[in-house]
Amino acid sequence: MDEFQSSLKSTDTEETIDVYFYRPIGYRWALLFRRLGVHPNTVTIFSIILGVSAGILFYFNDIKLNLVGILLLMWANMYDSADGQLARLTGQKTALGRILDGFAGDLWFFAIYVSIALRLTPEWGIWIWITVLFDGFVCHARQCQLADYYRNIHLFFLKGKEGSEMDDSVGQQEKYNKLDWRTDFISKLFQFFYVRYVRAQEGMTPKFQLFKREMLARYPSALPLKLREDFREGSLPLMKYANFLTFNWRSILLALSLIVGAPWIYIAAELVLFSLVFFYMRACHEALCDRLLTQLDQYER
């Protein structure tokens, strides 16, 4: 049980479905992969194969093939849990692994969007492609980027820098500049996209960026305990929205829309429901950062 707990990031940021379903199963896979000497990045590649295969099956207007695709997508997410848990259990956490892990989910949903668009083209024509492109590259991408950022910000205040993957674009750009295209092609390519990923996160959070700069300027070595507690108190209620914007609820809505034979419902939900949650969560988080910025003088060094 202690080892299982150590494979989790934090109960603050773990979703209920993950805690009671995906994480326990992922942990069992992680134990097997550790015994077999499989690297976490290899598990991530397995998840990409499964997730993309699932997406392809959603092209067919066949409930049996769609159900197989849903099961494959669940299996892919089990491996998505397992790769991170394996990395934490074995101490094989790497920057490339984190980037590859995020890229895996993007590939799953790229395959899903393309398949849904192809499936609906006879009925919707070019408009389904315009809708899917906007949904995937604007709505879905921004929603997942911000949810991931907010969870890592929360972990930063909860566990400190070592317990969080909250990155900044300046530091990531420096890492990119140090890599050579001739000798580090794959790493540099992933880092190229990751720099832009982090910049997008920062661009959506102007109040937090001001708060972070002022906070770290005042407390460069360690944050006051009361500041960490106050931020956690304000951030914790928003974690349920961050979790809603990630995989589990998307996959549930996707599965339901496929079962009833109307995959357009999933696209509509992302455009409307998920966007409303995104804007509400962002407004609340920015207000929290703005409030704490004005209160920084109250905290002891």
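Visitor: Does Asp297 count as buried or exposed?
Guide: The model is a predicted one. Asp297 has a relative accessibility of 62%. The class of exposed begins over 50%, so at 62% Asp297 counts as exposed.

Visitor: With which residue does the side chain of Asp297 meet in a salt bridge?
Guide: A salt bridge needs a side-chain nitrogen within 4 Å of a carboxyl oxygen. For Asp297 the N to O distance is 2.3 Å, and the partner is Arg218.

Visitor: How many residues apart in sequence are the parts that this pair ties together?
Guide: Asp297 belongs to the segment after helix 13, whereas Arg218 is in helix 9, residues 206-218. Arg218 is partly exposed, at 21% relative accessibility. The pair therefore ties together parts whose separation in sequence is 79 residues.

Visitor: What separates Asp230 and Lys226 along helix 10?
Guide: Asp230 and Lys226 form a salt bridge, with 2.8 Å between the closest N and O atoms. Both residues lie in helix 10, residues 225-235. They are 4 residues apart, which means a separation of about one helical turn.

Visitor: What relative accessible area does Lys226 have?
Guide: Its partner Asp230 counts as buried, at 16% relative accessibility. Lys226 is partly exposed, a class that lies between 20% and 50%, and its relative accessible area is 46%.

Visitor: Which residues do salt bridges that share partners join into one network?
Guide: One link in this network is the salt bridge between Asp18 and Arg23, at 3.9 Å from N to O. Asp18 counts as buried at 8% relative accessibility, and Arg23 counts as buried at 15%. The network as a whole joins Glu14, Asp18 and Arg23.

Visitor: To what number does the count of salt bridges come?
Guide: The pairs described above include Asp297 with Arg218 and Asp230 with Lys226. By the 4 Å rule, the count of salt bridges comes to 9.

Visitor: How many disulfides does the structure hold?
Guide: A disulfide requires two cysteine sulfur atoms within 2.5 Å. By that rule the number of disulfides in the structure is 0.

Visitor: How far away is the nearest cysteine sulfur to that of Cys284?
Guide: Cys284 is in no disulfide, and the nearest cysteine sulfur belongs to Cys289. Cys289 is likewise in no disulfide, with the sulfur of Cys284 as its nearest. The distance from Cys284 to that nearest sulfur is 11 Å.

Visitor: What is the relative accessible area of Cys289?
Guide: Cys284 counts as partly exposed, at 24% relative accessibility. Cys289, by contrast, is buried, and its relative accessible area is 0%.

Visitor: At what angle do helix 6 and helix 13 pack?
Guide: Helix 6 covers residues 126-159 and helix 13 covers residues 264-294. Helix 6 passes helix 13 in a left-handed crossing. Their axes are 10 Å apart, and the angle is about 35°.

Visitor: How many nonpolar residues does the contact of helix 6 with helix 13 have?
Guide: On the helix 6 side the contact includes Val132, Phe134, Leu146 and Tyr150. Among the residues met in helix 13 are Ile267, Leu271, Phe274 and Met281. By class, the contact has 4 charged residues, 5 polar ones, and a nonpolar count of 13.

Visitor: Which residues does Gly136 touch, not counting residues up to four places away in sequence?
Guide: Gly136 lies in helix 6 and counts as buried at 12% relative accessibility. The C-alpha atoms of Gly136 and Val114 are 9.8 Å apart, with the two positions 22 residues apart along the chain. The residues that Gly136 touches are Tyr113 and Ala141.

Visitor: With which residues is Phe33 in contact, leaving aside its neighbours within four places in sequence?
Guide: Phe33 is placed in helix 2, residues 16-36. At 5% relative accessibility it falls under the 20% limit, so Phe33 counts as buried. Its contacts are Val38, Val43, Phe46, Tyr79 and Leu86.

Visitor: How far apart in space are Leu107 and Ile49, C-alpha to C-alpha?
Guide: Leu107 lies in helix 5, residues 95-124, and is partly exposed at 26% relative accessible area. Leu107 touches Ile48 and Val52. From Ile49, Leu107 is 58 residues away in sequence, and the C-alpha distance is 9.3 Å.

Note on methods: Residues numbered from 1 in each chain as written. Predicted model: local features only at pLDDT ≥ 70, side-chain atom pairs only at ≥ 80, totals over all residues. Heavy atoms only, no water. Axes fitted to C-alpha atoms, helices over the stretch in contact; angles between N-to-C directions. Helix = DSSP H or I, 4+ residues; strand = E, 2+ residues; numbered from the N terminus. Left-handed = near helix turned anticlockwise from the far one by under 90°. Contact = heavy atoms within 4.5 Å. Nonpolar A, V, L, I, M, F, W, Y, C, P; charged D, E, K, R; others polar. Buried < 20%, exposed > 50% of the residue type's maximum accessible area, 1.4 Å probe, protein only.
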